[in-house]
Amino acid sequence: MSQRPDQPGAAEPADLDGQFIADVFARNCDSRRTLEHIASKWGILALAALRAEAYRFNALRRRVDGVSEKMLSQTLQALERDGLVHREVQTSIPPHVEYSLTPLGVRVADRLVALLDLVEGEVGTVLAARAAYDERAAAGDDLRTGRR
């Protein structure tokens, strides 16, 4: 009997040829960790910003408004380790570091930018839904059951 890959202690799933099969729904799958790096608030914003152009660290930090130096550094390290971001030390005077996307990073960022465009384009719909929800909540509706 084989264990399911999402069970503790389960081996990584493999196909008939013994090749690794990624399963983002499996607790210990590396694809889930990569998705966590990409789908974090700062990961999404860093990848989307780098899709437009390469940035030096402080310029990227200014572009991604609100991110701390520590969080941006950790995010970029994780994305670089996952093969999505390229870090290049420029040998200018003074030396500086520039971040850009790898080919995989470009493919991922393309999809994220499409999602961001959709969300930005529908923000009016979201705000209307929030207002309607808040109005129902203020009127005493039990929003889970629909009862008053």
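Start by selecting Thr-102 in this predicted model, and then show what surrounds it. Which residues is Thr-102 in contact with, leaving aside its neighbours within four places in sequence? They are Gly-83, Leu-84, Val-85 and His-86. Thr-102 itself sits in the loop between β3 (96-101) and α5 (103-121). Is Thr-102 buried or exposed? Its relative accessibility is 17%, and buried means under 20%, so Thr-102 counts as buried.

**Zoom out for a moment**

Colour the whole chain by secondary structure. You should find six helices and three strands. Walking from the N terminus, the elements come in the order α-α-β-α-α-β-β-α-α. The protein has 148 residues, and 24% of them count as buried. If you switch on the surface, its accessible area comes to about 10600 Å², with 53% belonging to carbon and sulfur atoms.

**Stop one: the sheet**

Now select the three strands. They make an open sheet with the order β1-β3-β2, and the pairing is antiparallel. Which strands stand at the edges? They are β1 (55-56) and β2 (85-90); each has a single partner strand, so one side of each is left without a neighbour in the sheet. As a general reminder, strands of a sheet pair through backbone hydrogen bonds, either parallel or antiparallel.

Keep β2 and β3 on screen. Six bridges join these two antiparallel strands, and together they form a hairpin with five residues between them. To see the pairing residue by residue, pick Val-89, which stands opposite Val-97 in β3. Then pick Glu-88, whose opposite residue in β3 is Glu-98.

Next, move to the loop between β2 and β3 and select Pro-94, which lies there. Look at the peptide bond that leads into Pro-94 from Ile-93: it is cis, with omega near -5 degrees. For background, most peptide bonds are trans.

**Stop two: the nonpolar core**

Select Leu-47, Leu-50, Leu-60, Leu-76 and Val-85. These are the residues with the most contacts inside the largest nonpolar core, which has 23 residues. Several elements supply at least two residues each: α2 (41-52), α3 (57-63), α4 (69-81), β3 and α5. Which of the elements gives the most to this core? It is α2, with six residues. In soluble globular proteins, nonpolar side chains tend to be buried together.

Centre the view on Leu-50. Not counting residues up to four places away in sequence, Leu-50 touches Tyr-55, Leu-60, Leu-76, Val-85, Tyr-99, Ser-100 and Leu-101.

**Stop three: helix α2**

Select α2 as a whole. This helix has 12 residues and reaches 18 Å from its first C-alpha to its last, close to the 16 Å expected at 1.5 Å a residue. Its buried residues are Trp-42, Gly-43, Ile-44, Ala-46, Leu-47, Ala-48, Ala-49 and Leu-50.

From that list, highlight Ile-44, which is buried with a relative accessible area of 19%. Beyond its neighbours within four places in sequence, Ile-44 is in contact with Ile-38, Ala-39, Leu-112 and Leu-116. Try a distance label between Ile-44 and Leu-116: they are 72 residues apart in sequence, and their C-alpha atoms are 9.0 Å apart in space. For the protein as a whole, among contacts between residues at least 6 apart in sequence, 34% join residues at least 24 apart.

**Last stop: helix α5**

Finish with α5. At 1.5 Å a residue, its 19 residues should span 27 Å, and its end C-alpha atoms are 27 Å apart, which agrees.

Which residues of α5 are buried? They are Gly-105, Val-108, Ala-109 and Leu-112. Turn the view so that you look down the axis of α5: the buried residues fall within an arc of 100 degrees, so they line one face of the helix. A general point helps here: an α-helix has 3.6 residues a turn, so residues three or four places apart point the same way.

Show the elements that the buried residues of α5 pack against, namely α1 (30-39), α2 and β3. Then rotate to the face of α5 turned away from its buried side, where you will find the exposed residues Pro-103, Arg-111, Leu-118 and Gly-121.

How values were computed. Residues numbered from 1 in each chain as written. Predicted model: local features only at pLDDT ≥ 70, side-chain atom pairs only at ≥ 80, totals over all residues. Heavy atoms only, no water. Helix = DSSP H or I, 4+ residues; strand = E, 2+ residues; numbered from the N terminus. Buried < 20%, exposed > 50% of the residue type's maximum accessible area, 1.4 Å probe, protein only. Contact = heavy atoms within 4.5 Å. Pairing = 2+ DSSP bridges. Core = buried A, V, L, I, M, F, W, Y, C linked by side-chain atoms within 4.5 Å. Expected span 1.5 Å × (residues − 1). Arc of directions from axis to C-beta. Areas by Shrake-Rupley, 256 points an atom, 1.4 Å probe, with all protein chains shown as cover.
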